[in-house]
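Colleague: Before we discuss the assignments, please show me the sequence and the structure. I should like to ask on what grounds each term is applied.

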Protein chains: 2
Amino acid sequence: MKHMRPSIALLSVITLVLQAAEPVRPLRGFSAEEARVERQWEEKFRAIPSPENLREYMRRLSARPHHVGSPYDKDNAEWLLAKFKSWGLDAKIEVFDVLFPTPKERAVELVEPTKFTAKLDEPVLAIDPTSDQKSEQLPTYHAYSKDGDITAPLVFVNYGIPSDYEELQRMGISVQGTIVIAKYGQSWRGIKPKLAAEHGAVGCLVYSDPKDDGYVQGEVYPKGPARPSFGAQRGSVMDMPVYPGDPLTPGVGATADAKRLPLDQVQTITKVPVLPISYGDAEPLLKALAGPIAPMAWRGGLPFTYHVGPGPAKVHLRVQSNWDRKPLYNVIVRIPGSKYPDDWVIRGNHHDAWVNGADDPLSGANALMEEGRALGELVKQGWKPKRTIILCLWDGEEPGLLGSTEWGETHADELRRHAVAYINSDSNSRGFFYAQGSHTLENFIGEVTRDITDPETKMPVAKRQRLALLSRSHGEELREARSRADLRIGALGSGSDYTVFLDHLGVASVNLGFGGEDMGGGQYHSIYDDFYYYTHFQDTDFAYGKTLAQTAGTMVMRMADAEVLPFQFSNFTDTIRTYVGELKLLAGTQRSEIEEKNRQIDEGVYEAIADPKKTMMPPAREPVPPYLNFAPLENALDLLTRSTDKYEKALAAAGDRASVAVNAKLIESERRLTDTIGLPNRPWYRHMIYAPGFYTGYGVKTIPGVREAIEQRRWTEAESQIARVSKALESEAALLDSAADLLKL
Amino acid sequence: MKHMRPSIALLSVITLVLQAAEPVRPLRGFSAEEARVERQWEEKFRAIPSPENLREYMRRLSARPHHVGSPYDKDNAEWLLAKFKSWGLDAKIEVFDVLFPTPKERAVELVEPTKFTAKLDEPVLAIDPTSDQKSEQLPTYHAYSKDGDITAPLVFVNYGIPSDYEELQRMGISVQGTIVIAKYGQSWRGIKPKLAAEHGAVGCLVYSDPKDDGYVQGEVYPKGPARPSFGAQRGSVMDMPVYPGDPLTPGVGATADAKRLPLDQVQTITKVPVLPISYGDAEPLLKALAGPIAPMAWRGGLPFTYHVGPGPAKVHLRVQSNWDRKPLYNVIVRIPGSKYPDDWVIRGNHHDAWVNGADDPLSGANALMEEGRALGELVKQGWKPKRTIILCLWDGEEPGLLGSTEWGETHADELRRHAVAYINSDSNSRGFFYAQGSHTLENFIGEVTRDITDPETKMPVAKRQRLALLSRSHGEELREARSRADLRIGALGSGSDYTVFLDHLGVASVNLGFGGEDMGGGQYHSIYDDFYYYTHFQDTDFAYGKTLAQTAGTMVMRMADAEVLPFQFSNFTDTIRTYVGELKLLAGTQRSEIEEKNRQIDEGVYEAIADPKKTMMPPAREPVPPYLNFAPLENALDLLTRSTDKYEKALAAAGDRASVAVNAKLIESERRLTDTIGLPNRPWYRHMIYAPGFYTGYGVKTIPGVREAIEQRRWTEAESQIARVSKALESEAALLDSAADLLKL
């Protein structure tokens with residue numbers, strides 16, 4: 001699933017010092033001798049992954065459409081199983097049974113003022129050999145859209161995010177009873193029908209505008225990698241910010257005998273019907289709109305003047321799905337640990353796709369396969385990981401993180417006891433390393449990427465990353481980019497299989513990959529994301545696929561072999577400090593902005609600037625937010641800072657001595673950041689520090705309980721959430737204190 | 001000529017406090033009794049201008065094309081003369097004889113890889129009754145383009161401004177021997193062929209991209225006000241930042257017997273041939289380009305992927321002009337002063353157009369006519385201005401400020417002795433007041449606009465302006481917008497007839513108008529800027545035309561009647577302080593940016609971020625700029641601050657008592673800011689504080705000698721210019737001291 005096209009500017013970036021690598025650097029959690037041995041095995045490992053294999057895996061797995069429930073999805077799972085077994089690994093398929101709607105009827109028609117019927121079809125391209133597999137392709141649709149058959153005036157709502165509806169309100173335009181048409185982008189797609197419904201719309205279309213995703217970005221396929229006129233983006237619109245996974249079994253595994261919700265009680269199906277369309281199909285619809293000209297920032301790349309409506313364009317939208325249950329085939333590979341078999345290091349990437357899915361997910365899945373093959377080789381050569389390694393090729397990620405979520409829910413108790421960390425990838429391309437994740441892993445990620453060579457520049461991945469960060473930083477950020485020992489990593493929102501591990505189970509997680517050089521995402525979730533496309537326009541020689549395998553595999557090995565788990569808490573604490581600072585700033589800025597707005601309403605500013613020939617209503621006066629008590633959070637942070645120092649000092653004094661008890665504390669450290677009550681209105685999400693935004697979907701909200709309460713003006717909730725987050729941080733501090741005490745024994 | 005489409009955010013804005021107008025406010029330069037009388041006359045004046053008259057003047061003057069040398073240009077001048085005479089005013093026509101090339105041959109053809117011949121024609125529209133006057137219309141061309149007939153590969157250079165050529169260099173693309181195609185915008189058009197030639201190009205095309213000037217901005221004509229596919233922007237490309245006016249007679253009036261340069265010695269004709277084209281004509285050319293995809297910010301609104309080239313597109317460009325001399329007809333109206341007849345208050349707007357010119361210039365010229373009629377009425381009623389008023393309707397503004405420049409050069413000695421101030425407008429539309437000008441007039445402009453009512457909101461123009469400023473300000477700017485007694489006005493660059501007065505003669509000047517609500521400029525310099533267009537899409541009821549007449553007329557009257565001229569120096573000094581601060585910041589920022597760039601070159605940042613599949617060369621290392629000695633400027637500013645205080649205190653103590661001697665000092669105050677040597681490499685420009693940028697054209701460079709020397713890395717020159725500016729400021733301070741002394745007598 002992943003985000004589309006991660007731009008360099010957005011990539012969260014990674015660790016390590018600028019100097020050339022010293023010959024022997026210590027490894028956190030390893031004694032000097034252990035480090036020497038570990039490095040030897042890691043070097044052997046990194047010599048194994050082969051671009052040719054990556055290419056052949058991708059060719060095989062992408063040869064036919066392999067969405068959930070398709071024959072080739074199952075076929076791929078069985079082939080994967082056989083492959084891992086052939087490498088001497090213990091592998092099995094775990095099956096779940098999930099709701100997966102597929103389209104029965106789809107129609108989008110302009111019925112007034114002229115007639116036009118949308119094609120809703122991606123044409124076969126002669127040059128692209130898999131684009132003609134029409135009978136096996138899922139048509140363009142939004143999975144988990146409510147069924148519906150409606151005819152209503154059309155309104156253009158820009159990206160259909162909250163600020164767009166505020167602007168519409170000021171323009172005096174209501175979407176009540178209309179079908180809205182929104183551009184893809186600026187939020188996860190499922191947010192668009194969700195907000196449309198909240199504002200009274202009765203239907204929703206989401207299209208790829210060529211400014212964001214088409215010829216403005218680059219030459220279109222098959223001449224270039226950008227989305228062509230009739231390419232459309234399939235995808236899930238399940239309300240995953242409430243809970244991901246099988247809609248019928250929230251919080252529990254979708255096993256054969258699980259208790260299931262009746263369909264009409266499911267909370268995560270959209271409230272209005274929705275379909276994705278291409279810009280070829282969107283053009284006549286948008287062109288038929290009158291009403292005010294769209295605000296400048298709303299206008300896209302189609303060659304006419306964008307209007308907002310409503311009408312005279314009237315649209316007929318019909319969506320009807322087969323609401324069937326389908327099997328999921330997760331491929332699970334286990335390499336047992338020799339010393340700490342009950343500590344599990346988990347590595348995953350999904351294998352299901354919307355269609356042929358060469359980029360998404362096979363450019364990540366093939367790396368994971370090579371990691372498995374290489375680890376199998378090492379085992380044959382005598383390597384014995386201390387901890388158990390679990391490699392997972394998830395099914396059903398695309399419709400809603402189904403495979404990982406159901407597996408995580410099924411094995412929740414074991415995972416809470418055993419899971420050390422979860423390392424995820426989804427797809428991969430050419431360019432710069434990126435990672436987001438738990439900040440207790442920030443230093444670890446940095447250590448690993450210092451040991452990986454970038455295939456283009458031949459410099460350490462971490463160094464290239466730091467130099468790239470330098471090149472786009474200014475002021476204080478630039479100073480930090482030069483001086484901070486570890487580069488910062490971003491926090492995880494949602495959009496891939498780490499979600500259940502991090503947000504529901506409290507397992508320290510990281511999501512990683514390479515990208516940012518080739519224009520990625522141009523065929524995202526279309527029939528053209530296939531072998532021809534990937535091998536012509538992405539990581540064509542699989543050099544970065546190999547590098548991904550090297551990077552993720554090294555992480556897995558090092559995490560599995562460390563005597564003391566390489567969690568590091570000073571970066572975590574430093575990160576929490578920045579979040580607390582952001583929250584205080586947010587509250588202050590919000591207060592002063594509301595005060596200023598109210599003042600300008602009193603001064604008559606909005607009357608003065610309004611053009612009487614246009615409708616532009618003054619914004620509504622709002623009550624000035626109260627001052628919030630951040631002291632509990634600041635006190636908890638102080639406590640955490642002291643405990644972090646205590647732990648780090650104790651660890652240094654202990655000299656990476658082994659201790660099962662200390663490792664148990666470290667494994668528990670991410671769990672302590674969760675809370676069984678979960679977030680307000682979405683108890684499935686239990687992490688107090690990280691969550692996908694309720695109105696962003698992909699985008700993270702850090703300290704989400706407090707941040708979203710402030711953003712959504714629920715002051716009492718903000719204060720009670722401050723108390724809960726503080727409790728979690730105090731609990732983390734206590735854990736670190738006890739770990740430090742254990743180290744002193 | 002004016003800038004296109006002044007956006008609200010760019011409008012330089014104007015004075016005065018937020019409170020409702022008090023019944024009797026003192027007037028600077030008037031005793032209480034004089035102010036009472038003045039206000040009575042001004043109120044009578046403001047009751048006179050009539051929207052119906054404005055409409056009829058525009059209809060008559062725009063009825064046929066009236067560019068320099070056309071029969072209707074002369075006819076209009078004679079009609080204007082007769083009109084002013086009919087209102088009882090002393091009017092005459094002053095004729096000059098100037099070089100004005102008109103097109104003989106124009107051709108733009110794509111010759112490779114496919115054939116396409118540009119239409120270079122704006123089609124007749126049935127609904128627009130003057131669009132069919134083909135035989136009288138000047139075709140689309142650039143006046144003062146060098147003749148040429150060339151065939152060369154095409155390169156897309158974005159806006160063709162200096163930063164674009166830097167980016168091209170990093171992309172490894174040379175324009176040597178090519179024809180460049182640049183978008184209109186971001187600079188005055190004449191900068192584009194100038195820079196193209198400096199970089200070795202052999203020809204230049206300039207087109208209106210629909211993103212900036214077409215359907216992305218609004219519905220296209222005749223459905224809406226935006227530029228249609230085959231609308232193109234005529235205009236002058238004379239190198240006006242060197243000197244404006246007749247190219248054959250720099251610095252002297254183009255009278256019949258003036259000494260003229262031979263054509264081949266003229267410095268202000270372009271060095272390469274250039275033509276403007278429409279986006280309809282540009283599309284096949286741009287589409288035929290290959291090479292790298294244009295940087296994101298370069299891409300326009302046409303529906304394909306923009307490439308940079310060079311080639312395979314090869315273009316044939318042919319430009320041939322008739323290099324004839326043509327007569328100019330300036331209409332000059334004089335209302336003699338009763339008490340200080342040798343003090344001249346000058347008000348101007350041009351009357352020539354590129355074609356029918358309803359918006360540009362007649363929407364300003366018709367206001368000036370109504371001002372003349374109303375002043376004539378007042379004179380009949382017994383009003384006797386103390387000073388002489390001169391109303392000017394300039395010819396030949398469009399090709400290069402010809403009429404005003406030649407008149408100013410011809411009468412230079414008289415003007416230096418007598419000219420009090422010059423008040424300019426050019427065109428006018430619906431919306432917010434804007435003014436740029438001499439900062440000694442900032443307080444005066446504020447005082448006047450406090451007394452003018454905005455026709456939409458019925459609030460004082462100054463109040464609406466302040467509220468609009470509030471609405472777009474933040475932080476320190478917002479606090480200042482609320483608290484500063486006078487709103488700031490912008491400085492004058494170039495683009496209209498104030499240039500000779502301010503920059504060459506040192507006459508305090510202001511340029512003013514209304515706009516920012518209707519999409520202005522969509523038919524700028526096209527055959528569609530006509531009566532049908534203006535009366536359907538601009539100030540359709542001429543309410544703001546009336547307001548312009550009221551505003552400018554009130555300024556003229558008040559300036560003509562004040563006992564002590566209402567120049568105010570504390571705002572001027574405050575403004576100079578901000579400029580000195582900007583220059584210091586510029587030097588510091590430039591130094592640290594170069595240091596940082598050099599450091600990143602050393603660190604290998606550019607190698608790290610370069611994509612080996614694309615060409616992106618590291619920037620060149622630059623020597624770190626030396627620290628400059630700003631002390632002379634700061635000391636001069638200190639002196640000026642003290643002298644300003646002294647003058648303002650003396651004036652307050654004197655209580656606006658009359659003094660011919662004091663007024664003479666005030667008239668001289670702007671002259672003191674000039675310097676007979678002029679700016680480096682362009683001695684025609686003598687003002688030490690204001691000039692159009694050598695590489696911006698329209699855009700002002702304040703303290704230009706110093707600022708451009710820093711920008712262009714000429715450190716020695718920067719220091720010598722600091723000395724010259726300091727001398728001017730010291731001279732100004734001495735003048736104010738002597739004026740203060742006179743007031744104490």
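Colleague: What makes residues of chain A and chain B count as in contact, and how many does each chain contribute?

Modeller: Two residues are in contact if their C-beta atoms, placed from the backbone, lie within 7 Å. The contact takes 29 residues from chain A and 29 residues from chain B. On the side of chain A, α13 (461-471), α18 (570-603) and α19 (605-609) each supply at least two residues, and α13(A) gives the most, with five residues. Helices here are DSSP runs of H or I with at least four residues, strands are runs of E with at least two, and both are numbered from the N terminus. This is a predicted model, in which local features need pLDDT of at least 70 and side-chain atom pairs count only at pLDDT 80 or more, while totals for chains, interfaces and linings use all residues. Residues are numbered from 1 along each chain as its sequence is written, and chains are lettered from A and ligands numbered from 1 in the order in which they are written.

Colleague: How do you know that the copies meet through the same surface?

Modeller: Of the interface residues of chain A, 100% are also interface residues in chain B, so the copies meet through the same surface.

Colleague: Why are the two copies said to be related as by a two-fold rotation axis?

Modeller: A rotation of 180° with 0.0 Å of shift along its axis superposes chain A on chain B, with an RMSD of 0.0 Å. The two copies are thus related as by a two-fold rotation axis. The superposition is by least squares on the C-alpha atoms of residues with pLDDT of at least 70 in both copies.

Colleague: Why is R373(B) called buried?

Modeller: A residue is buried if 20 or more other C-beta atoms, placed from the backbone, lie within 10 Å of its own, exposed if 12 or fewer, and partly exposed in between. R373(B) has 21 such neighbours and therefore counts as buried. R373(B) is placed in helix α8 (residues 358-380) of chain B. The C-alpha atoms of R373(B) and G88(B) are separated by 8.6 Å, although the two residues are 285 apart along the chain.

Colleague: What makes strand β6 of chain B mostly covered?

Modeller: Five of the five residues of β6(B), residues 179-183, are buried. I179(B), I181(B) and K183(B) point one way, V180(B) and A182(B) the other way, and all are buried.

Colleague: How do you know that β6(B) pairs with strand β5 and with strand β7 of chain B?

Modeller: Two strands pair if DSSP finds at least two bridges between them. Three bridges join β5(B), residues 148-156, to β6(B), and these strands run parallel. Here V155(B) stands opposite V180(B), and F156(B) has I181(B) as its bridge partner. Five bridges, also in the parallel sense, pair β6(B) with β7(B), residues 203-207. A182(B) stands opposite V206(B) in β7(B).

Colleague: Why are β3 and β9 of chain B placed at the edges of the sheet?

Modeller: The open sheet has seven strands in the order β3-β2-β10-β5-β6-β7-β9 (chain B), with mixed pairing. β3 (116-117) and β9 (274-277) each have a single partner strand, so one side of each is left without a neighbour in the sheet.
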